[in-house]
Amino acid sequence: MTSKTVRSTPPDNPTPQQQAMPKVNKVTVEDITASLKAGFHDFLAHPFMSGFFGLFYAVFGILFVWCLVWLGKIWMIIPAIVAFPLVGPFAAAGLYEMSRRAQRGESFGWSEILTVVADQRNREMGWMAFVTLFIFWVWIYQVRLLLAIILQDASFSDFDGFLNTVFFTPEGWTFLLVGTCIGALISAALFSVTVIAMPMLLDRETNFVSAMTTSVRVVTENPVVMLAWATIISVTMLLSLVPAFLGLIVTLPVLGHTTWHLYQRAVSPTEG
């Protein structure tokens, strides 16, 4: 008998090795505190440049509300203002880059930061912008749907009329209760997929699905701490809207820098 040696041959088109998912760390309240301190430090180190991104965000908010008034979309003002902080993480890309370079001890100026921000349109950050705006649109649509179902007979000729209907009628209270519950779910979903994904996409060569997955893992593995962080962001941002959005000039940069440092603590660095 003759024996034959059977040799395995590699496939013609081998499957590329999948990119390993980053390791998610345990996050504590001390991490949030330390990140906030680092965020304040980054802001104070470059207050004018950091404040520019906050000012841009505030001006955009003012123009957005003015357009709603001009178009007669009075009913959209409150839900738009409440949802406005949800798109904050995308607006903070330049702040993440500032914190990253400062952490590495690199010097930088306007051209370096703005170039990085502009380059994000050619990277996965553009897809994250689409996800953010899509969820923002879902938020606005569900408000419009609830208005049609619950406040179907109400008419809003001006902003005061809208406030009176919403806050001083039984139908308005029902609208607020149901809308708040649905809005909380939408906000939680958007926070979960973006809080870590945004700085991660700027920091690493990865796709937006992996970034969103990692962000969700950070939230689900640290639910209490990340809920506390979400509450801090929401309360701070909403209070910043009261003085004609101008509080965002300071709060957005501080929260943006802080988010970068929290991301660094929540996700282990890549190997190699």
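1. Glutamate 106 and arginine 101 form a salt bridge in this predicted model, with their closest N and O atoms 4.0 Å apart. The two partners differ in burial class: glutamate 106 is partly exposed, at a relative accessible area of 36%, whereas arginine 101 is buried, at 17%. The value for arginine 101 falls under the 20% limit for burial, which means that this residue is assigned to the buried class.

2. A second pair joins arginine 204 to aspartate 203, whose side chains meet in a salt bridge at 3.8 Å, N to O. Arginine 204 counts as buried, with 11% relative accessibility. Aspartate 203, by contrast, is partly exposed, its relative accessible area being 22%.

3. The residues of these two pairs belong to one network of salt bridges, which links Glu97, Arg100, Arg101, Glu106, Asp203 and Arg204. In general, side chains of opposite charge can pair when their charged atoms come close. The structure as a whole holds 6 salt bridges.

4. Aspartate 31 and arginine 265 also form a salt bridge, with a separation of 2.8 Å between the closest N and O atoms. Aspartate 31 lies in helix H1 (residues 29–45) and arginine 265 in helix H13, so this pair ties together parts that are 234 residues apart in sequence. Aspartate 31 is buried, with a relative accessible area of 11%, while arginine 265 is partly exposed, with 37%.

5. Helix H13 covers residues 248–266, 19 residues in total. From its first C-alpha to its last, H13 reaches 25 Å, close to the 27 Å expected at 1.5 Å a residue. Of its 19 residues, 15 are buried, so H13 is largely enclosed by the rest of the structure. Arginine 265, the H13 partner in the salt bridge to aspartate 31, is itself partly exposed.

6. Turning to the nonpolar interior, the largest nonpolar core has 68 residues. Within this core, Phe191, Met226 and Trp229 are the residues with the most contacts. Helix H7 (residues 125–150) gives the most to the core, contributing 10 residues.

7. Which residues does phenylalanine 191 touch, not counting those up to four places away in sequence? Its contacts are Ser215, Val219, Met226, Trp229, Ala230 and Ile233. Met226 and Trp229 thus appear here as contacts of phenylalanine 191, and they are also named with Phe191 among the residues with the most contacts inside the largest core.

How values were computed:
Residues are numbered from 1 along each chain as its sequence is written. This is a predicted model: local features need pLDDT of at least 70, side-chain atom pairs count only at pLDDT 80 or more; totals for chains, interfaces and linings use all residues. Side-chain values use heavy atoms; hydrogens and water are left out. Helices (H or I, at least four residues) and strands (E, at least two) are DSSP runs, numbered from the N terminus. The expected span of a helix is 1.5 Å times one less than its number of residues. Buried means under 20% relative accessible area, exposed over 50%, partly exposed in between (1.4 Å probe, protein chains only). A nonpolar core is a set of buried Ala, Val, Leu, Ile, Met, Phe, Trp, Tyr and Cys residues joined through side-chain atoms within 4.5 Å. Contact means heavy atoms within 4.5 Å.
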